[in-house]
Amino acid sequence: MSPDLLLRIGSATLDTLYMVAIAGLIGSLIGLPIGIFLATSGKGELFPAPTTNRIVGLIVNAARSTPFIILVVAIIPFTRLITGTSIGTKAAIVPLTIATIPFVARLVEAAIREIDKGLIEAARAMGATPMQIVFKVLLAEARPALTLALTMTIVSLIGYSAMVGAVGGGGLGDLGIRYGYQRFMPDVMLVVVIVLIVLVQLVQSAGDGLARHFDRRSRKN
Amino acid sequence: MSVSAYTAPAPGDAAVIFDGVSKHFAASGKSGAFTALDTVSLSVGRGSITGIIGRSGAGKSTLIRLVNGLEKPTGGTVLVDGVDVGALDEAGLRELRRSVGMIFQHFNLLSSRTVFGNVALPLEIAGMDKQAIEKRVRPLLDLVGLADKHGRYPAELSGGQKQRIGIARALATEPKLLLSDEATSALDPETTQSILELLKRINADLGLTVLLITHEMEVVKAVTSDVAVIDHGRIVERGHTFDVFTHPRHETTRAMLSGLPGSKLPDAVSRGLKPQADDGDRAVVRLTFFGAAAERPLISQLIKSVGAEVNIIAGTIDEIGGRPYGSLVVAYGADAETAGRAERFFTENGLVTEVLGYVA
Ligand SMILES: Nc1ncnc2c1ncn2[C@@H]1O[C@H](COP(=O)(O)OP(=O)(O)OP(=O)(O)O)[C@@H](O)[C@H]1O
Ligand SMILES: [Mg+2]
């Protein structure tokens with residue numbers, strides 16, 4: 001493989017990491033509060049707002065069930081509005097972020113709903129405000145599950161980011177399509193796939209390790 | 001000895017007053033409407049350990065949750081130190097809750113926090129600074145005997161140790177009132193006793209009022225001075241623990257008491273028990289004795305006075321609320337003469353008796 005190609009693979013990897021990092025960060029920052037809201041706004045819960053809860057839930061579901069590739073195309077005007085372009089790495093970040101938000105929201109909701117209701121009860125009995133309960137109890141107790149949720153998000157994002165390559169999004173997917181498929185260079189395709197696998201493996205084991213480190217629910221040593 | 005008349009604590013001496021309290025759960029979804037508490041009136045003496053006992057679903061948890069406003073009454077008022085809990089807004093409730101500790105059946109400790117962190121939580125919530133928290137938590141861990149575990153996580157502790165941490169946490173804000181919802185129900189009998197001892201000590205040393213709910217008569221017997229029996233959302237019996245145990249009036253109380261060791265007849269006897277005596281049958285009688293009578297050599301005197309054969313079927317000597325108490329089930333001839341002599345002996349010695357039935 002030519003040094004030029006290797007360079008391209010390196011820069012495509014960086015593009016992928018860049019897309020995943022930005023979309024993951026912004027998507028999680030927006031998805032986290034939505035997830036917390038979904039998990040705490042049911043009837044008789046910390047911030048009771050059952051109607052809003054249902055509406056937000058519906059929107060989240062709608063976004064989750066839209067195939068990613070359709071989402072990418074559907075929001076092109078919005079993407080252009082924000083980034084001034086509809087192709088390339090920067091443009092790809094917009095649909096990736098939009099897809100991340102509901103994904104994270106549902107994972108966060110599930111992580112928080114897992115927490116024993118008795119802990120919320122105990123905190124209320126101590127005179128905690130709902131906000132204190134969120135920060136001192138829910139987020140603290142859900143930390144291992146949230147870490148796993150974030151891991152899953154990043155892994156999915158790596159997959160999605162390869163998909164935006166198909167619509168000119170840049171990154172490893174783009175490289176794989178343009179060289180590996182269109183110019184029929186199977187060795188490039190192979191390298192792209194291997195790099196993706198290695199990335200996913202690294203993220204997954206780092207996430208698992210971190211989650212295990214946070215998890216104090218069972219005896220260690 | 002007779003039952004001392006029960007007088008409820010005067011309003012000024014009451015830490016908690018339930019006045020005609022009802023709790024009605026409206027129908028929702030698949031579950032129908034339900035009245036969990038029906039005009040409950042009860043006062044909890046300041047400095048007492050008061051027990052509320054009842055079967056599962058009787059309304060105990062609902063009742064205790066009204067005290068710190070985790071639940072709102074649908075009728076009547078709950079006064080805690082003279083404050084009407086139902087009338088408080090959220091901020092007022094939070095302030096009240098900081099002065100009322102609570103412990104739970106499943107401990108409800110945060111798995112993500114160390115022992116120290118768990119006890120510190122209510123203080124953090126109250127906005128106390130780090131140094132003050134440190135100063136407050138250490139002696140609490142000493143009090144519950146777990147100072148050496150301060151850096152451990154709950155998963156590394158036994159059930160009894162977890163409940164000790166729960167107690168330390170409940171005491172962190174220096175409350176005047178401690179609520180206990182089945183705090184020992186998940187523990188083995190020995191650990192239960194040690195937790196109850198701790199509660200007793202806290203009650204005596206800190207002057208803390210303890211309101212505990214339980215479905216175990218053993219718990220009521222071991223620590224409470226006063227007890228109320230709740231059944232289907234109503235208080236059916238209340239009084240000093242000793243009196244309620246020795247003279248249970250309501251059938252629910254009797255039924256719950258019958259589970260205590262020494263109260264239960266051997267199966268072989270209870271199966272053969274008849275309501276009426278036939279010729280040659282023997283009467284099965286429960287004798288209850290307390291105070292001085294518990295210390296006299298009653299059995300040898302009884303055998304002498306009755307003159308006939310006396311079998312001992314079951315028996316126990318125990319302490320309720322610190323007072324000695326004995327219960328003995330004996331059988332002797334059901335003929336008029338023997339029975340008459342026995343009754344005379346019982347009256348002379350001030351024994352409370354209950355004829356349970358007759359056996360062949
Ligand atoms: N939020 C609720 N909605 C409807 N019914 C309820 C609710 N909470 C409690 N109940 C009902 O009220 C009754 C009393 O419940 P409570 O939890 O007070 O019983 P308990 O005496 O504590 O029982 P246990 O010993 O099993 O804990 C039960 O029949 C229960 O189903
Ligand atoms: Mg209960």
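These are legends for a set of close-up views of a predicted model with chains A and B.

**View 1. Chain A on its own is a run of helices.** Chain A has ten helices and zero strands. Reading from the N terminus, the order is simply α-α-α-α-α-α-α-α-α-α. The C-alpha trace spans about 65 × 50 × 25 Å along its principal axes. Out of 221 residues in chain A, 43% count as buried. If you look at contacts in chain A with a separation of 6 or more, 71% of them come from residues 24 or more positions apart.

**View 2. Thr16(A) sits buried in a helix of chain A.** The helix here is α1 of chain A, residues 3-40. Thr16(A) has a relative accessible area of 1%, so it falls under the 20% cut-off for buried. What does the side chain of Thr16(A) reach at 2.9 Å? The partner is the backbone nitrogen of Leu172(A). Leaving out residues up to four places away in sequence, Thr16(A) touches Ser161(A), Gly171(A), Leu172(A) and Leu199(A).

**View 3. Here is where chain A meets chain B.** On the chain A side 23 residues are in contact with 26 residues of chain B. Together the two chains bury about 2,200 Å², and 53% of that is on carbon and sulfur atoms. Which residues of chain A lose the most area to chain B? They are Met126(A), Lys136(A) and Arg216(A), which together make up 29% of what the chain A side buries.

**View 4. Polar and charged pairs also bridge the two chains.** The salt bridge count between chain A and chain B is two. In one salt bridge, Lys136(A) pairs with Glu124(B), and the closest N and O atoms are 2.9 Å apart. Seven residue pairs are in polar contact across the interface, with both residues at pLDDT 80 or more. On the chain A side, the elements giving two or more residues to the surface that touches chain B are α6 (117-125) and α7 (130-141). By class, that side holds eight nonpolar, six polar and nine charged residues.

**View 5. Helix α6(A) is largely enclosed by the rest of the structure.** That is so because seven of its nine residues are buried. The buried residues of α6(A) are Gly118(A), Leu119(A), Ile120(A), Glu121(A), Ala122(A), Ala123(A) and Ala125(A). What covers these buried residues? The cover includes α7 of chain A, along with α1, α2 (90-97), β6 and α5 (159-171) of chain B. At the start of α6(A), a side-chain oxygen of Asp116(A) comes to within 2.9 Å of the backbone nitrogen of Gly118(A). After the helix comes Gly127(A), with a positive phi near 90 degrees.

**View 6. Helix α1(B) is also largely enclosed by the rest of the structure.** This helix covers residues 60-67 of chain B, and seven of its eight residues are buried, so the enclosure follows from that count. The buried residues are Lys60(B), Thr62(B), Leu63(B), Ile64(B), Arg65(B), Leu66(B) and Val67(B). Gly69(B) follows α1(B), and its phi is positive, near 70 degrees.

**View 7. This one looks into the nonpolar cores.** The largest nonpolar core has 54 residues. Which of its residues touch the most other members? The answer is Leu138(A), Val16(B), Phe18(B) and Val80(B). Zooming in on Val16(B), and leaving aside neighbours within four places in sequence, its contacts are Leu42(B), Ser43(B), Val44(B), Val67(B), Val78(B), Leu79(B), Val80(B) and Leu177(B). A second, separate core has 35 residues, among them Ile49(B), Ile133(B), Leu146(B) and Ala183(B).

**View 8. Two loop residues of chain B have a positive phi.** Most residues other than glycine have a negative phi. Asp81(B) has a phi near 55 degrees, and its place is in the loop between β4 (75-80) and β5 (83-84) of chain B. Asn108(B) likewise has a phi near 55 degrees, in the loop between β6 (100-104) and α3 (115-125) of chain B. Is each residue buried or exposed? Asp81(B) is partly exposed, with a relative accessible area of 45%, whereas Asn108(B) is buried, with a relative accessible area of 7%.

Terms used
Residues numbered from 1 in each chain as written. Chains lettered and ligands numbered in written order. Heavy atoms only, no water. Core = buried A, V, L, I, M, F, W, Y, C linked by side-chain atoms within 4.5 Å. Buried < 20%, exposed > 50% of the residue type's maximum accessible area, 1.4 Å probe, protein only. Contact = heavy atoms within 4.5 Å. Buried area = accessible area lost by both parts, 1.4 Å probe. Salt bridge = Lys/Arg side-chain N within 4 Å of Asp/Glu carboxyl O. Polar contact = N/O pair within 3.5 Å; in protein donor to acceptor, adjacent residues only side chain to side chain. Helix = DSSP H or I, 4+ residues; strand = E, 2+ residues; numbered from the N terminus. Nonpolar A, V, L, I, M, F, W, Y, C, P; charged D, E, K, R; others polar.
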